[in-house]
Structure formats: structure tokens, C-alpha cells
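Q: Could you walk me through a few residues of this model?

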Amino acid sequence: MIRRTLIALLAAVPFGLAPAQAADFLPYTPEALAAAQKAGKPILVEISAPWCPICKTQKPILAKLGADPRFKDLQVFDVDFDSQKPALKALNARMQSTLIAFKGETEVGRSVGETQPEWIEGLLEKVL
């Protein structure tokens, strides 16, 4: 049952997130992050790796929260832990499964290895 629910959530991510009512999930570039920060956007930087079990647990939680109307303006930038080492250095991140929340240019919270939906939601609420 849980597996079916997870599969359904993952399947809905590409089709169910309308830009007007859901967070924007974007690939990370320094320029894209800087533009979102300068515009004062609420931002979450997600540092993940395809082999990371914690990251795999975080993704459906973030997808579900991203569909919440409260987070419709949220921009989520995904940083690949294995291939984007300069980004890790710029963000002062040492591990995959790191979530960094920004309200504009100000970092308002950070967590590493968190998989409790309510705690991740609390982190995202800091950017509102």
C-alpha cells in the first residue's frame, strides 16, 4: 500500500505541478539561484545524489509539499552531489541530503539528512 502511494506521488510530479499552484523545481545553476535571490523569491536548495537513500525519501516529501498552495512561489533548485562540486563549495555543503532554505538572499535554515515530513515542512515555512 505504501509503495503504491509512493509510486503514485512520483508519477504525479511531472504532470500534477502547475506553475500557478505549485513550487517550481529547477536545475541548479549559480546564475539561476542568484536571479531568484535577487528577486526575493522563497528558495529551497536540495543537494542530492541518485544513490542516496535519504535523498530518495526526501524527494516525495518535497514533491507533496511543493504541490501545497502555500508554497506556490517556492523555487526548488536541485544540486547533484556527484557532479556539481563547485556548487557544494559555494553553498558550504558537505553532504548529500542537505536542504538549504533562503528567503531572498538570506539563508533562513538548513538541514542534513532530515526525513520527517513535518520538520521539512517547518524548514519550508521559514521562507514564506
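What follows is a short chat about two residues and some cysteines.

Q: Before we start, what kind of model is this?
A: This is a predicted model, in which local features need pLDDT of at least 70 and side-chain atom pairs count only at pLDDT 80 or more, while totals for chains, interfaces and linings use all residues. Residues are numbered from 1 along each chain as its sequence is written, and side-chain values use heavy atoms, with hydrogens and water left out.

Q: OK, where is glutamine 96?
A: Glutamine 96 lies in the loop between helix H4 (85-90) and strand E4 (98-103); helices (H or I, at least four residues) and strands (E, at least two) are DSSP runs, numbered from the N terminus.

Q: And is glutamine 96 buried or exposed?
A: Glutamine 96 is buried, at a relative accessible area of 15%, where buried means under 20%, exposed over 50% and partly exposed in between, with a 1.4 Å probe and protein chains only.

Q: What does glutamine 96 touch, apart from neighbours within four places in sequence?
A: Its contacts (heavy atoms within 4.5 Å) include Cys52, Cys55, Trp51 and Phe81.

Q: How many disulfides are there?
A: The count is zero, taking a disulfide as a pair of cysteine sulfur atoms within 2.5 Å. Cysteine 52 is buried at 2% relative accessibility, and cysteine 55 is buried at 1%.

Q: Switching topic, where does glycine 109 sit?
A: Glycine 109 belongs to strand E5 (residues 106-112) and is buried, with 9% relative accessibility.

Q: How far is glycine 109 from leucine 123?
A: Their C-alpha atoms are 6.3 Å apart in space, with the two positions 14 residues apart in sequence numbering. Leaving aside neighbours within four places in sequence, glycine 109 is in contact with Leu99, Ile100, Ala101 and Leu123.
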